[in-house]
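Visitor: I would like to learn how to read the strands and the core of a model like this one. Could you walk me through it?

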Amino acid sequence: QLQLVESGGGLVQPGGSLRLSCAASGFTEDYYAIGWFRQAPGKEREGVSCISSGGSTNYADSVKGRFTISRVNAKNMVYLQMNSLKPEDTSVYYCAARAYSGTYYCPVASHRWYDYWGQGTQVTVSS
């Protein structure tokens, strides 16, 4: 069973940066697509970014140009670099995974496509 553990959240001022990490273990397949999602209180879960097994990336319009997703397969790690943070980025951030060999495909908008989820890490952007 694949397990995902997020880290790197915290409190940051508007305009600041954070890097979230997602550590994966317990692989049962060779290829996984990874997504980052977020959910604020009273709101639906929202896709932020995803990276396919081949390294193709997608971003939500709200974070394009500010967030960057990357993966280091040798370390079983996926990162989300978040720059120019805004108060509206405040949420619990989750990483998610699905075993999928499609080199170029990962859906950023569909949280139901992903099978495995981490426990989340809180990001608060406030002065």
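Guide: Gladly! Keep in mind that this is a predicted model. A good place to begin is the order of strands in a sheet: here four strands make an open sheet, ordered 1-3-8-7, with antiparallel pairing.

Visitor: Which are the edge strands?

Guide: An edge strand pairs on one side only, and that describes strand 1 (3–7) and strand 7 (67–72). From one strand to the next, the twist averages 15°.

Visitor: How many bridges join strand 7 and strand 8?

Guide: Six bridges, in the antiparallel sense, with strand 8 covering residues 77–82. To place yourself in that pair, find I69, which stands opposite L80 of strand 8.

Visitor: Now the interior. Which residues have the most contacts inside the largest nonpolar core?

Guide: A core is a set of buried nonpolar residues joined through side-chain atoms within 4.5 Å. The largest one here has 27 residues, and L4, W36, F67, L80, M82 and Y93 have the most contacts inside it. Among the elements giving two or more residues to this core are strand 4 (32–39), strand 5 (46–51) and strand 9 (91–99). The largest share comes from strand 3, with four residues.

Visitor: What is Y93 in contact with, beyond its neighbours within four places in sequence?

Guide: Its partners include L20, W36, F67, L80, M82 and V123. Y93 also touches E6, R38 and T121, as well as F37.

Visitor: Where does F37 belong?

Guide: F37 sits in a second, separate core of eight residues, which also includes C50, C106 and Y114.

Technical notes
Residues numbered from 1 in each chain as written. Predicted model: local features only at pLDDT ≥ 70, side-chain atom pairs only at ≥ 80, totals over all residues. Heavy atoms only, no water. Pairing = 2+ DSSP bridges. Axes fitted to C-alpha atoms, helices over the stretch in contact; angles between N-to-C directions. Buried < 20%, exposed > 50% of the residue type's maximum accessible area, 1.4 Å probe, protein only. Contact = heavy atoms within 4.5 Å.
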